[in-house]
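Subject: Structure for your review

Dear colleague,

Please find below the structure that I am handing over to you. My findings follow it.

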Amino acid sequence: MSFEAQLQAAAERIERELERVIADIGEKTPEPLLSAMRHALLGGGKRLRPFLVMASARLFGIEEKDSLAAAAALECLHCYSLVHDDLPAMDDDELRRGRPTVHIVYGEATAILAGDALLTLAFEILADPRCHRDAEIRAALALDLARAAGSHGMAGGQMLDLAAETGNPGEREITHMQELKTGR
């Protein structure tokens, strides 16, 4: 199977898992927050990060079904970052994946809340025993994701990105920003 076919097949599987995750929280989540989360999370994207999670798990003999929760958590975090990155105070984008961004469709306040909800949903997924039966492994996954997303990870990289817009960053600063913002 070609790489493109593998990526597409994984994207379809993770899309089904994300639909399940959203359905699980549907009854407890008020509208329009649920619709805004759904808009941000479903219906597009290459799903490269979940693909890498599932492929990495496979290298260690972990069945795909046992890596789907961690892959879904990572995609929730990624989509949160996109929602916030698109906001007027950040990049002020009006389109994402060929569709209007969350803040354009639902308003800025709802977009902020949808991003926040997707961020916390990522950790909810990792902490749930359905992710892994071993609590120590769940805790390690959550800690690793928190470190990669926080001030010395993705959020720190976003701060460097914002600072670069008003300054003249050098090659070192740009490389460090990309390492934090995207690489972690």
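At 43% relative accessibility, D92 falls between the limits of 20% and 50% and therefore counts as partly exposed. Please note that this is a predicted model.

**Backbone geometry**

D92 has a positive phi of about 55 degrees, although D92 is not a glycine. Its place is in the loop between helix 4 and strand 1 (95-96). R47 likewise has a positive value, with phi near 60 degrees, and is a residue other than glycine. R47 sits in the loop between helix 2 and helix 3, and with a relative accessible area of 3% it is buried. A further point concerns the peptide bond between E31 and P32, which is cis, with omega about 0 degrees. P32 belongs to the loop between helix 1 and helix 2 (33-41). For context, most residues other than glycine have a negative phi, and most peptide bonds are trans.

**Salt bridges**

The structure holds ten salt bridges. Several of the residues concerned are joined together: E17, R20, D24, D128 and R130 are linked in a network of salt bridges.

Within this network, the side chains of E17 and R20 meet at 2.8 Å, N to O. Both residues lie in helix 1 (residues 3-26), three residues apart, which is about one turn of the helix. E17 is buried, with a relative accessible area of 12%, whereas R20 counts as partly exposed at 33% relative accessibility.

Which parts of the chain does the pair of D24 and R130 link? The side chains of D24 and R130 meet in a salt bridge of 3.2 Å, N to O. This pair links distant parts of the chain, with D24 in helix 1 and R130 in the loop between helix 6 (108-127) and helix 7, 106 residues apart. D24 counts as partly exposed at 34% relative accessibility, while R130 is exposed, with a relative accessible area of 58%.

Another of the salt bridges is formed by the side chains of K65 and D66, at 3.3 Å, N to O. K65 counts as exposed at 58% relative accessibility, and D66 counts as partly exposed at 40%.

**Helix 4 and H84**

Helix 4 (residues 68-86) has 19 residues. From its first C-alpha to its last it reaches 27 Å, close to the 27 Å expected at 1.5 Å a residue. Helix 4 is mostly covered, as 18 of its 19 residues are buried.

H84 has its place in helix 4 and is buried, with a relative accessible area of 16%. The side chain of H84 reaches the backbone oxygen of I112 at 3.2 Å. In addition, a polar contact of 3.4 Å joins the side chains of H84 and D116.

**Helix 7**

Helix 7 (residues 135-149) contains 15 residues, which should span 21 Å at 1.5 Å a residue; the end C-alpha atoms are 21 Å apart, in agreement with that expectation. Where on helix 7 do the buried residues lie? The buried residues of helix 7 are R138, A142, L145, A148 and A149. They cover an arc of only 130 degrees around the axis, and therefore lie on the same side of helix 7. At the start of helix 7, a side-chain oxygen of D134 comes to within 2.8 Å of the backbone nitrogen of E136.

**Surface patch and strand 2**

F3, L48 and L52 make a nonpolar surface patch of about 270 Å². L52 is found in helix 3 (residues 48-59) and counts as partly exposed, at 45% relative accessibility.

P100 lies in strand 2 (residues 99-100) and is partly exposed, with a relative accessible area of 38%. P100 and H39 are 61 residues apart along the chain, and their C-alpha atoms are separated by 9.4 Å.

**Points for your inspection**

When you open the model, I would suggest viewing the cis peptide bond between E31 and P32, the positive phi values of R47 and D92, and the salt-bridge network that includes D24 and R130.

Yours sincerely,

A colleague

Key
Residues are numbered from 1 along each chain as its sequence is written. This is a predicted model: local features need pLDDT of at least 70, side-chain atom pairs count only at pLDDT 80 or more; totals for chains, interfaces and linings use all residues. Side-chain values use heavy atoms; hydrogens and water are left out. Helices (H or I, at least four residues) and strands (E, at least two) are DSSP runs, numbered from the N terminus. The expected span of a helix is 1.5 Å times one less than its number of residues. Buried means under 20% relative accessible area, exposed over 50%, partly exposed in between (1.4 Å probe, protein chains only). The arc is that of the directions from the helix axis to the C-beta atoms. A polar contact is a pair of N or O atoms within 3.5 Å; within protein, one must be able to donate a hydrogen and the other to accept it, and residues adjacent in sequence count only if both atoms are side-chain atoms. Patches are made of residues with over 30% relative accessible area and no salt bridge: like charges are joined within 9 Å, nonpolar side chains (Val, Leu, Ile, Met, Phe, Trp, Tyr) within 5 Å. Accessible areas come from the Shrake-Rupley method with a 1.4 Å probe; for residues, only the protein chains shown count as cover. A salt bridge is a side-chain nitrogen of Lys or Arg within 4 Å of a carboxyl oxygen of Asp or Glu.
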